[in-house]
Amino acid sequence: MIKNGIGGGNTVTGLIYEGKVDLTSFLAQQNGYSVIGCNVYYQGELVALTFKKHGFYKYLKENGINWENYISCKLLPDNCIYVIINNTLFIIEVKHQEVPGSVDEKLQTCDFKRKQYIKLLSQLNIEVEYVYILNSWFRDPRYKDVLDYIISVNCHYYFDYIPLQKLGLPVPE
């Protein structure tokens, strides 16, 4: 059930991420990181760009991409981070659940959404990865099939943490 969805007690390989804090704010608080606008620096070097919701479409427009030429409806990501060194945009969706509800079914949409983002970024030759950050609610055995599905369609999930090393970002000492 937890294949590739490893939990996050180890801050050497990942940093604890609380859904209350957005990615940009979280990174800005980490040792060695600073954020100016959407630019993310580690020890003074630009390492990534972050986007939320409509900010992602502003980035596309600045790069000559009209989203309407590629997809029929906007997707509004919780968080995106374009990691420069590996030329990959990570769509990071934070899903927190405490009782059964609609989030259960939203987890099954990652393949479709990932393919939509791939269409949008194909002209820029940027790779796309789709990642869920899930709270412990989703460790319940009733999510085994959904978690297996996420992996089977080349998407990823982690419990309660951001795997900076997996994203290709420097891990603070």
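Buried, as the word is used on this tour, means under 20% relative accessible area, exposed means over 50%, and partly exposed covers what lies in between, with a 1.4 Å probe and protein chains only. The model is a predicted one, in which local features need pLDDT of at least 70 and side-chain atom pairs count only at pLDDT 80 or more, while totals for chains, interfaces and linings use all residues. Residues are numbered from 1 along each chain as its sequence is written, and side-chain values use heavy atoms, with hydrogens and water left out.

**The whole chain**

Begin with the entire chain in a cartoon view, where there are six helices and nine strands; helices (H or I, at least four residues) and strands (E, at least two) are DSSP runs, numbered from the N terminus. Of the 173 residues in the chain, 45% are buried. With a surface switched on, the accessible area of the chain comes to about 9000 Å², and 50% of it belongs to carbon and sulfur atoms, these areas coming from the Shrake-Rupley method with a 1.4 Å probe, and for residues only the protein chains shown count as cover. Contact means heavy atoms within 4.5 Å, and among the contacts in the chain with a separation of 6 or more, 68% are between residues 24 or more positions apart.

**First stop: Asn87 and Asp160**

Select Asn87, which sits in the loop between β5 (79-83) and β6 (88-95). Its relative accessible area is 26%, so Asn87 is partly exposed. The phi of Asn87 is near 50°, a positive value in a residue other than glycine. Most residues other than glycine have a negative phi. Move next to Asp160, in the loop between β8 (156-159) and β9 (161-162), where phi is again positive, at about 60°, although the residue is not a glycine. Asp160 counts as partly exposed because its relative accessibility is 29%.

**Second stop: Thr24 and Thr50**

Select Thr24 in helix α1 (residues 23-28) together with Thr50 in strand β4 (residues 45-51), and show both side chains. The side chains of Thr24 and Thr50 make a polar contact at 2.9 Å, a polar contact being a pair of N or O atoms within 3.5 Å of which, within protein, one must be able to donate a hydrogen and the other to accept it, and residues adjacent in sequence count only if both atoms are side-chain atoms. Thr24 counts as buried because its relative accessibility is 19%, and Thr50 counts as buried because its relative accessibility is 6%. Leaving aside residues up to four places away in sequence, Thr24 touches Val35, Gly37 and Thr50. On the same basis of leaving out neighbours within four places, Thr50 is in contact with Leu23, Thr24, Leu27, Cys38, Val40, Cys80 and Ile81.

**Third stop: helices α2 and α4**

Colour helix α2 (residues 55-62) and helix α4 (residues 110-121), which pack at an angle of about 30° with their axes 11 Å apart. Axes here are lines fitted to C-alpha atoms, for helices over the stretch in contact, and angles run from 0 to 180 degrees between N-to-C directions. Helix α2 is therefore roughly parallel to α4, on a scale where angles under 35 degrees count as roughly parallel, over 145 as roughly antiparallel, 65 to 115 as roughly perpendicular and the rest as oblique. To see the contact itself, show Phe56, Tyr57 and Leu60 of α2 with Tyr117, Leu120 and Leu121 of α4.

By class, this contact of α2 with α4 has six nonpolar, no polar and no charged residues; Ala, Val, Leu, Ile, Met, Phe, Trp, Tyr, Cys and Pro count as nonpolar, Asp, Glu, Lys and Arg as charged, and the others, Gly among them, as polar. Now centre the view on Leu120, which counts as buried because its relative accessibility is 0%. Not counting residues up to four places away in sequence, Leu120 touches Phe56, Tyr57, Leu60, Ile65, Trp67, Tyr70 and Ile71. Leu120 and Ile65 are 55 residues apart in sequence, with 7.6 Å between their C-alpha atoms.

**Last stop: Pro170 and Ile36**

Select Pro170 in the segment after α6 (164-167), a residue that counts as partly exposed because its relative accessibility is 24%. Its contacts, neighbours within four places in sequence left aside, are Tyr33, Tyr42, Val47 and Leu164. Pro170 and Tyr33 are 137 residues apart along the chain, and their C-alpha atoms are separated by 9.2 Å. Finish at Ile36 in strand β2 (residues 33-36), which counts as exposed because its relative accessibility is 57%.
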